[in-house]
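Colleague: Before I use any of the labels, I would like to hear how each one was reached. Please set the values against the cut-offs.

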Amino acid sequence: MTDRTAGDMHGSAAKAADGAEELRDQIERTRGELGDTVAELMEKADLKGRAMARAADLKDKAGAMTVQLRSSAAQAGHVMQDKATRAGHVVQDRATKAGHTVQDRATRAGHTVQDRATEAGRAAEHGAPRPLGTVVRAGLRHPRPVLVAGAAVGALVAASVLRRRRGGRRR
């Protein structure tokens with residue numbers, strides 16, 4: 001029995017050694033899992049860190065939204081600028097047309113006055129005595145001095161009429 005007992009003891013010691021080794025490995029695994037669990041719990045309990053991470057996310061979203069709003073505002077500004085430019089062109093075109101219309105009417109009125117003055121001058125030339133006809137012909141050749149003189153005479157007549165009217169009211 002001695003051999004058996006020694007063999008049993010040797011076998012039991014080997015089993016005990018294997019069991020102890022297995023127990024050590026299991027303890028090591030449990031320690032690792034426990035460390036991971038503690039790290040996870042600490043991460044969840046880190047309110048300041050989580051708040052900072054959330055704030056960083058919100059800051060990023062706000063930055064993106066700001067860029068989007070600026071882009072939209074710039075686009076709206078370009079649209080309004082285009083509309084204002086088009087409206088300005090429409091107003092400019094209408095003003096140009098109105099200016100041309102006024103210019104055309106003034107030109108026609110000037111031609112009409114010139115034609116009537118020429119006709120009156122010719123009528124006066126044919127019906128006037130000889131020395132006066134010479135003056136009329138000179139006036140037809142150089143109408144500008146005659147028009148200036150006529151305007152001056154007209155101003156004197158108008159001033160005279162106004163003086164008479166004012167003088168009559170004061171009495």
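**Labels and their grounds**

Modeller: In this predicted model, α2 gives the most residues to the lining of the largest pocket, namely six.

Colleague: How much space lies in the largest pocket?

Modeller: The space in that pocket comes to about 350 Å³. Its lining has 12 residues, and the closest to the centre are Ala 117, Thr 118, Leu 140, Pro 143 and Leu 147. The elements giving two or more residues to the lining are α2 (47-127), α3 (130-141) and α4 (143-170).

Colleague: How do you know what classes of residue make up the lining of the largest pocket?

Modeller: Each lining residue is sorted by type, with Asp, Glu, Lys and Arg counted as charged. The result is seven nonpolar residues, five polar and no charged ones.

Colleague: What is the pattern of the chain along the sequence?

Modeller: The chain reads α-α-α-α, with four helices and zero strands.

Colleague: What makes Val 136 buried or exposed?

Modeller: Val 136, found in helix α3, has a relative accessibility of 17%. Buried means under 20%, so Val 136 counts as buried. In space Val 136 lies 8.1 Å from Arg 122, C-alpha to C-alpha, and the two are 14 residues apart in sequence.

Colleague: What share of the chain do buried residues make up?

Modeller: Buried residues are 3% of the 171 residues. The area the chain exposes is about 15,500 Å², and carbon and sulfur atoms supply 59% of that.

Colleague: Why is the contact between Glu 21 and Arg 24 called a salt bridge?

Modeller: The cut-off is 4 Å from a side-chain nitrogen of Lys or Arg to a carboxyl oxygen of Asp or Glu. For Glu 21 and Arg 24 the N to O distance is 3.1 Å, so the pair meets the rule. Side chains of opposite charge can pair when their charged atoms come close.

Colleague: How are Glu 21 and Arg 24 separated in helix α1?

Modeller: They are three residues apart, which means about one helical turn. Glu 21 has 41% relative accessibility; the partly exposed class runs from 20% to 50%, so Glu 21 counts as partly exposed.

Colleague: How many salt bridges does this rule count?

Modeller: The count is two. Glu 28 and Arg 31 also form one, at 3.8 Å, N to O, and that value is within 4 Å, so the label holds. This pair too is three residues apart in helix α1, about one helical turn. Arg 31 has a relative accessible area of 54%, and exposed means over 50%, so Arg 31 is exposed.

Colleague: Which residues form a nonpolar patch on the surface?

Modeller: The patch consists of Leu 34, Val 38 and Met 42, with about 300 Å² of accessible area together. Patch residues need over 30% relative accessible area, and Met 42, in helix α1 (residues 2-45), has 57%. That value is also over the 50% cut-off, so Met 42 counts as exposed.

Conventions:
Residues are numbered from 1 along each chain as its sequence is written. This is a predicted model: local features need pLDDT of at least 70, side-chain atom pairs count only at pLDDT 80 or more; totals for chains, interfaces and linings use all residues. Side-chain values use heavy atoms; hydrogens and water are left out. On a 1 Å grid over the protein atoms alone, a cavity is a set of points where a 1.4 Å probe fits but cannot get out, and a pocket is an open set with protein on both sides within 12 Å along at least five of seven lines; lining residues have an atom within 4 Å of a point. Grid points are joined across faces, edges and corners, and a volume is the space filled by probe spheres set on the points. Patches are made of residues with over 30% relative accessible area and no salt bridge: like charges are joined within 9 Å, nonpolar side chains (Val, Leu, Ile, Met, Phe, Trp, Tyr) within 5 Å. Accessible areas come from the Shrake-Rupley method with a 1.4 Å probe; for residues, only the protein chains shown count as cover. Buried means under 20% relative accessible area, exposed over 50%, partly exposed in between (1.4 Å probe, protein chains only).
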